[in-house]
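This report covers a sheet, a pocket, a helix and a cavity. Please keep the viewer open while reading.

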Amino acid sequence: MALCATFAPNVAASTTVSKEAVALSTLTAAITASGDLYCWGTNTSGQLGIGDREESGFTPVKVLSNVASVTTDNTNVAAITTNGDLYCWGGNEFGQVGNGESGRYMRQSTPVKVLSKVVSVTMENGTIGAITTNGDLYMWGRNVYGQVGNGKGGEGESLATPVKVLSNVESIMMDEYRMSNVTTLAITRNGDLYAWGYNEHGQVGNGKSGTGAYQTTPVKVLSNVASLTANDGPAAAITNNGDLYCWGINLFGQVGNGSSRDNQTTPVKVLSDVVSVTTSQTTVAITENGDLYAWGYNEMGQVGNGMEAYSQDSQTTPVKVLSNVVSVTSSITNTAAITTSGDLYSWGENGYGQIGNGATKVQTSPVKVLSNVASFTTDNGATAAAITTNGDLYCWGYNNEGQVGNNKSKGEETGTLMDERQTTPVKVLSNVVSAIIDGHVAASVTQNGDLYCWGYNFDYQVGNGLRTNQLTPFKALTGIRLAASAPSVPAITATPTASKVLVDGENVSFDAYNIAGNNYFKLRDLAYIMNGSLKQFSVSWDSVNNAISLQSGQAYRTVGGEMAKKGTAATTPIPTTSKIILDGKIVSLTAYNIAGNNYFKLRDVGSAFDFNVSWNGLLQTIEIDSTGSYTLD
């Protein structure tokens with residue numbers, strides 16, 4: 001899948017589902033307002049999901065119903081239905097479909113259900129990760145560099161069925177450095193950042209680097225993380241207080257630590273008061289007051305510091321480039337930013353006219369290109385597209401396959417074999433709400449739900465039934481779901497636990513809830529009941545560290561309210577984000593807040609304090625044994 005950095009503040013290299021209804025690669029996928037998923041384009045790996053071995057799907061064909069979100073790459077598709085079921089199909093060489101099979105010529109040509117209660121899915125070059133409603137992260141597929149996180153790695157290593165890797169996960173991304181070299185990063189609900197996988201340039205952040213230094217299990221790298229990005233460059237994380245940390249490849253100073261050529265193997269603080277960041281070979285960050293800073297690769301002026309083109313390839317520390325910025329996009333060769341007034345500025349490589357200033361000379365400082373801009377997107381920096389506040393879509397830049405949409409392209413259509421380029425923005429469509437450019441194919445959805453496609457069409461991804469490039473927008477489908485009407489996966493529901501609970505053989509009535517198949521108990525209730533046993537523990541609030549403090553082996557001190565009456569109605573829980581310190585160390589325990597009280601997953605607590613938790617199916621009873629050690633059923 002071609003690199004396509006969008007106008008969103010935090011750009012990730014991996015492909016993750018969102019509420020957008022259209023996805024592009026060598027195939028096109030689109031969701032209608034009624035939830036029907038249509039696919040068309042290349043089908044060499046069965047990725048259309050239509051159950052046959054035809055090379056391509058010439059026009060849109062319905063594949064699945066009740067779809068909430070979809071993501072694609074060149075060989076695979078993953079879709080989440082409105083009830084949270086995850087379906088996958090396409091190439092299966094590495095087991096990335098997740099159906100238990102794998103092999104060089106294996107493929108799944110129809111959707112197969114892989115997991116339930118899924119809220120998001122991410123894929124990158126044969127590796128897939130999915131997060132469930134309770135925060136469990138499952139991964140499978142290609143695992144050469146340990147990017148699955150199951151403790152294995154090496155040439156030919158893969159996993160054909162999902163395996164749980166981490167709990168309490170909020171989001172993940174996968175950063176691909178060159179082909180197949182994938183690093184996986186995950187943020188938990190309490191802000192801990194874990195990383196694993198490819199680590200040649202220190203991108204895991206564990207202090208190691210080298211071709212054989214890949215990390216096969218998740219390792220904690222940073223705490224209090226609010227957002228994360230990486231895009232074929234260094235990893236960058238913003239903490240809750242706005243500190244920006246970077247690490248990994250630093251060939252051109254893109255880490256921002258004042259050096260170049262030397263990789264950064266642990267996170268280093270680069271800036272304060274940062275609200276968004278995007279990385280590639282150039283790193284760009286916006287601060288709270290709207291100042292835009294850039295650093296890293298600068299041979300073609302993409303930092304924007306005005307240095308003469310080709311005179312300086314590295315800017316090793318952040319330099320202020322622009323003020324009053326609300327969003328930024330960066331690629332390997334170009335940078336673009338939108339200001340608070342809606343002005344679009346662009347700078348960097350300009351051989352295809354992608355700056356939009358009417359020239360083809362490198363632009364080493366920001367130049368205003370367009371006014372009243374609401375959003376901007378680009379295909380690897382070569383072709384650009386912007387939507388104005390009144391819904392007009394403008395395109396410019398590289399146009400060999402007609403992806404600008406101005407009825408021109410390289411070759412017979414223009415009577416020349418020179419590269420076709422559009423050096424100023426040209427209006428292509430009106431009443432537009434979203435636009436994508438990927439792999440020299442462009443797509444746009446209008447306010448009335450019409451989907452238009454144009455550009456490269458060798459794999460029939462435009463959907464017009466032809467195999468020639470489409471030089472103007474073609475209406476491929478109607479009734480496309482708009483972002484404002486996007487359905488979400490089911491909300492998490494907490495249901496009062498009906499099962500009987502025995503503690504050391506005695507019946508105890510806990511106020512407990514079942515959430516996504518797991519039982520959650522109040523931490524203080526468990527401490528109260530376990531008091532005096534071999535596995536007793538204390539619970540208190542650490543005001544210095546703003547954390548829940550747990551001490552194993554210590555007696556519990558009652559505070560009132562323990563063992564309150566059981567709840568009788570289902571409710572919606574809220575994930576608990578409080579830091580938890582156990583015996584002086586920060587730990588990750590899955591927890592939810594219900595009516596002001598924190599409820600923790602019983603098995604997590606059992607594992608933390610080493611008491612056994614089991615299920616007696618014959619008696620339909622939860623059994624807690626303080627004299628035994630925790631075992632995973």
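Two strands count as paired if DSSP finds at least two bridges between them. The model here is predicted.

**The sheet**

On that criterion, four strands form an open sheet of 4 strands in the order E34-E35-E36-E37, and the pairing is antiparallel. Strand E34 (432-438) and strand E37 (470-477) stand at the edges. Each has a single partner strand, so one side of each lacks a neighbour in the sheet. From one strand to the next, the twist averages 20 degrees.

What joins strand E36 to E37? There are 4 bridges between E36 (residues 451-455) and E37, and the two run antiparallel. Across this pair, Leu451 stands opposite Leu477 in E37. In general, strands of a sheet pair through backbone hydrogen bonds, either parallel or antiparallel.

**The second largest pocket and helix H2**

The second largest pocket holds about 460 Å³ of space. Its lining counts 19 residues. Lys164, Ser167, Lys601, Asp604 and Ser607 lie nearest the centre of the pocket.

Which element gives the most to this lining? Helix H2 does, with 4 residues. Strand E13 (158-166) also supplies at least two residues, as does H2.

Helix H2 spans residues 602-609. Its buried residues are Leu602, Asp604, Val605, Gly606 and Phe609. Asp604 thus appears twice: it is buried in H2, and it is among the residues nearest the pocket centre. After H2 comes Asp610, with a positive phi near 60 degrees.

**The largest cavity**

A search of the whole structure finds 4 cavities of 30 Å³ or more. The largest of them has a volume of about 80 Å³. Among its lining residues are Thr329, Ser330, Asn334, Gln354, Phe376 and Gly381.

Three strands each supply at least two residues of this lining: E26 (325-330), E27 (334-339) and E30 (373-379). The largest share comes from E27, with 3 residues.

**The two linings by class**

The table sets out the residue classes for each lining.

| Lining | Nonpolar | Polar | Charged |
|---|---|---|---|
| Second largest pocket | 9 residues | 5 residues | 5 residues |
| Largest cavity | 3 residues | 9 residues | no residues |

Charged residues number 5 in the pocket lining, whereas the cavity lining has no charged residues. Lys164, Lys601 and Asp604 are among the residues nearest the pocket centre. In the cavity, polar lining residues number 9, and the lining includes Ser331, Thr335, Ser346 and Thr378.

Methods:
Residues are numbered from 1 along each chain as its sequence is written. This is a predicted model: local features need pLDDT of at least 70, side-chain atom pairs count only at pLDDT 80 or more; totals for chains, interfaces and linings use all residues. Side-chain values use heavy atoms; hydrogens and water are left out. Buried means under 20% relative accessible area, exposed over 50%, partly exposed in between (1.4 Å probe, protein chains only). On a 1 Å grid over the protein atoms alone, a cavity is a set of points where a 1.4 Å probe fits but cannot get out, and a pocket is an open set with protein on both sides within 12 Å along at least five of seven lines; lining residues have an atom within 4 Å of a point. Grid points are joined across faces, edges and corners, and a volume is the space filled by probe spheres set on the points. Ala, Val, Leu, Ile, Met, Phe, Trp, Tyr, Cys and Pro count as nonpolar, Asp, Glu, Lys and Arg as charged, and the others, Gly among them, as polar. Axes are lines fitted to C-alpha atoms, for helices over the stretch in contact, and angles run from 0 to 180 degrees between N-to-C directions.
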